[in-house]
Amino acid sequence: MGKVVLEMRDIVKRFPGVLALNGVSLKVYEGEAMALLGENGAGKSTLMKCLTGVYQRDEGSILYNGREIAYTNARQAQDDGIAIIHQELNLIPRMKVYENIFLGREVKKKGGALDKKYMYEKSAELLREIRINISPNALISSLSIAQQQMVEIAKALLMDAKVIVMDEPTDALPDEEVESLFNIIRELKKKNKGIVYISHRLNEIFEICDRATILRDGQFIAEKLVSELDQPSLISMMVGRTLDQQFPYEPMPLGDVVLSVKGLTNNLVRDISFEVRSGEVLGIIGLVGAGRTELAQTIYGLHEWTEGEILLKGKPIHPANPNQAIRHGIYYMTEDRKRNGLVLIMDVRKNISLSALDKITTFGKVDVKKERAICADFIEKINVKTPSQNQRVRNLSGGNQQKVVLSKALMTEPDVLILDEPTRGIDVGAKKEIYLLINQLKERGKAVIMISSEMPEILGMSDRVLVLHEGRCKGELSREEATQEKIMEKILS
């Protein structure tokens, strides 16, 4: 066991009317990765903000390398060797790698000019340390998300960080790049760095973390060696109950064919054919680059197609844009809720009603009373946890943001709902709520297409599975036939 490099003891943080943290403790050990786990709203982000001086704690103490600290801003924490790599990376796309690494810490020559040679060479040295082959002269905009994360890690090494906090580091990474990140974390542990690893992907915890600290409702629940845990016990501690059925699949009587796609072809997908019926979930799976999202966006009118046809309830349609798709009865729920699904600075009510203003508008004027009533109904039915309709969406947890996106979709009253990565970046409790909502959609006779990179999710919730690879359909499997092995056989055939 490494020595304790950071210890947070009995941290309390109050906001008006809310006790966000109630006696929370955390230890970070040298040369180890500590998983910080809990549902959305458990207090993970608040705890890290108390650590780095973004928030001031109301009670408790923080010891770093044996001395008590109380930062008043994040820069002080960075200068002292505590770095946070946020889910939204803090890099400037039009600047070079070495310029980003030294941003705010530029080295100058005696005459005052920037010492670009030194910064370039030092950046190259830092990148070599983590075994990443990136040119310090490369523009950030030319790098993959995984490579950009490596630049953030190089910035942390420049600051000689002893503790590195990684917030959902794999959320935007394709599977093949996750292992590259894990290799970097292993290298950092060898250098005796203490890692705080925040993730909703529990399988990653068992692969890369040594210990886990679990929070629930702003309270410390436990610190455990990962070797002492399994996924059911971990989930039980996080949510305060057992999730006996992680994927609450319910078969429904299938109705008529709602959507039929025949030979759909463009420069993104080729000769794709499938049908989806009322009361059915069609899961779409494939490796990165398979064309899953591109297929959905083509159906939704975001990409033109050159061959094939789309039939909705037996009638041919050719939506040229999302507005036309929505009018036909098709809604696509984007995989990137923050960038494309929500207007974060707007409140919950306006976000829900945004896609269906025609339903609440008379002579060009929004009927606010009607809008409030409809949104209140969605908030209750879908269990959106928000203080009020007037709460800004950016202040909600990831799971509740996803429910707002789903409410926005359902307000259009679609016949076909395409869900692209519907549970990405949300915790296990919120995931189950989304699955239960999918069951409700099936019960109401909706045709649901679910795209996911999580194979257990596809297997757990789908009635049929469509397998894509490199823009082509490689086969279809019934629920009874579908296994991970058979899906991979289809992909590789």
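Modeller: A residue is called buried if its relative accessible area is under 20%, exposed if that area is over 50%, and partly exposed in between, using a 1.4 Å probe and protein chains only. This is a predicted model, in which local features need pLDDT of at least 70 and side-chain atom pairs count only at pLDDT 80 or more, whereas totals for chains, interfaces and linings use all residues. Residues are numbered from 1 along each chain as its sequence is written, and side-chain values use heavy atoms, with hydrogens and water left out.

Colleague: What makes helix 5 largely enclosed by the rest of the structure?

Modeller: Of the 14 residues of helix 5, 11 are buried, and therefore the helix is described as largely enclosed. Among these buried residues are Gln148, Gln149, Glu152 and Lys155, as well as Met150, Val151 and Ile153. Helices and strands themselves are DSSP runs numbered from the N terminus (helices H or I, at least four residues; strands E, at least two).

Colleague: How do you know what span to expect of helix 5, and what span does it have?

Modeller: The expected span is 1.5 Å times one less than the number of residues. Helix 5, residues 145-158, reaches 20 Å from its first C-alpha to its last, which is close to the 20 Å expected.

Colleague: What follows just after helix 5, and why is Ala161 called buried?

Modeller: Just after the helix, Asp160 takes a positive phi of about 55°. Ala161, in the loop between helix 5 and strand 7, has a relative accessible area of 1%, and because this lies under the cut-off of 20% it counts as buried. Leaving aside neighbours within four places in sequence, Ala161 is in contact (heavy atoms within 4.5 Å) with Gly81, Ala83, Ala156 and Lys193. The C-alpha atoms of Ala161 and Ala83 are separated by 6.1 Å, although these residues are 78 apart along the chain.

Colleague: Why is the pair of Tyr98 and Tyr120 called edge-to-face?

Modeller: A pair of aromatic rings is described by the distance of the centres and the angle of the planes. Rings of Phe, Tyr and Trp (its six-membered ring) pair if their centres lie within 6.5 Å, and planes under 30 degrees apart count as stacked, over 60 as edge-to-face and the rest as tilted. A search of the whole structure finds 6 such pairs. Tyr98 and Tyr120 lie 6.4 Å apart, centre to centre, with 70° between the planes, so the distance satisfies the first cut-off and the angle makes the pair edge-to-face. Tyr98 belongs to helix 3 and Tyr120 to helix 4, 22 residues apart. Tyr98, at 6%, is buried, while Tyr120, at 32%, is partly exposed.

Colleague: Why is the pair of Phe247 and Tyr435 called tilted, and what does it tie together?

Modeller: The centres are 5.3 Å apart and the planes make an angle of 45°, which is neither under 30 nor over 60 degrees, so the pair falls into the rest, called tilted. Phe247 lies in the loop between helix 8 and strand 11 and Tyr435 in helix 15, so the pair ties together parts that are 188 residues apart in sequence. Both Phe247 and Tyr435 are buried.

Colleague: How do you know that Arg479 lies over the face of Tyr249?

Modeller: A charge sits over a ring if NZ of Lys or CZ of Arg is within 6 Å of the ring centre and within 35 degrees of the ring normal. Arg479 is 3.5 Å from the ring centre of Tyr249, and Arg211 is likewise placed over Tyr29, at 4.0 Å.

Colleague: What makes a set of residues a nonpolar core, and which residues have the most contacts inside the largest one?

Modeller: The term covers buried Ala, Val, Leu, Ile, Met, Phe, Trp, Tyr and Cys residues joined through side-chain atoms within 4.5 Å. The largest core has 73 residues, and those with the most contacts inside it are Leu259, Phe274, Leu295, Ile299, Ile330, Val416 and Ile418. Helix 15 gives the largest share of this core, 6 residues. Apart from it lies another core, of 55 residues, including Leu89 and Met159.

Colleague: Why is Arg131 called exposed, and what is notable about its phi?

Modeller: Its relative accessibility is 63%, and because this is over 50% Arg131 counts as exposed. Most residues other than glycine have a negative phi, yet Arg131 has a positive phi of about 60°. Glu413, which is exposed at 55%, also has a positive phi, of about 55°.
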